[in-house]
Amino acid sequence: MEGLTAKHVMNSTVMVADPSWSINRLAEFFMQNCISGAPVQTRDGPLLGVVSLTDIVHNRTQSEKDRDWP
């Protein structure tokens, strides 16, 4: 893997999540598209952030234990 960079392994088709989606809808989106994360953006707005499967799992398992998690 030496010499490989992000551009060698990235997917150039950007799949965008909507900020209004429920966690269940977001998980379905990831599974349907075989992806583990996506940028979050409104249709005509700026990039709001990035969300991943790790964020979902952490929210479901740690939110009550770790109040400092975003």
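This is a short dialogue on reading a predicted model.

Reader: What does the model rest on, and which residues and atoms count?

Author: The model is predicted: local features need pLDDT of at least 70, side-chain atom pairs count only at pLDDT 80 or more, and totals for chains, interfaces and linings use all residues. Residues are numbered from 1 along each chain as its sequence is written, and side-chain values use heavy atoms, with hydrogens and water left out.

Reader: How many helices and strands does the protein have?

Author: Helices (H or I, at least four residues) and strands (E, at least two) are DSSP runs, numbered from the N terminus. The protein has three helices and two strands, in the order α-α-β-β-α from the N terminus.

Reader: What percentage of the residues is buried?

Author: Buried means under 20% relative accessible area (1.4 Å probe, protein chains only). Of the 70 residues of the protein, 17% meet that mark; F29 and F30 are both buried.

Reader: How many aromatic pairs are there?

Author: Rings of Phe, Tyr and Trp (its six-membered ring) pair if their centres lie within 6.5 Å; planes under 30 degrees apart are stacked, over 60 edge-to-face, and the rest tilted. The count is two aromatic pairs. F29 and F30 form a tilted pair, at 6.0 Å centre to centre with 45 degrees between the planes. Ring pairs join W21, F29 and F30 in a cluster.

Reader: Which charged end sits over the ring of W21?

Author: A charge sits over a ring if NZ of Lys or CZ of Arg is within 6 Å of the ring centre and within 35 degrees of the ring normal. Here the charged end is that of R25, 4.3 Å from the centre of the W21 ring.

Methods. Buried means under 20% relative accessible area, exposed over 50%, partly exposed in between (1.4 Å probe, protein chains only).
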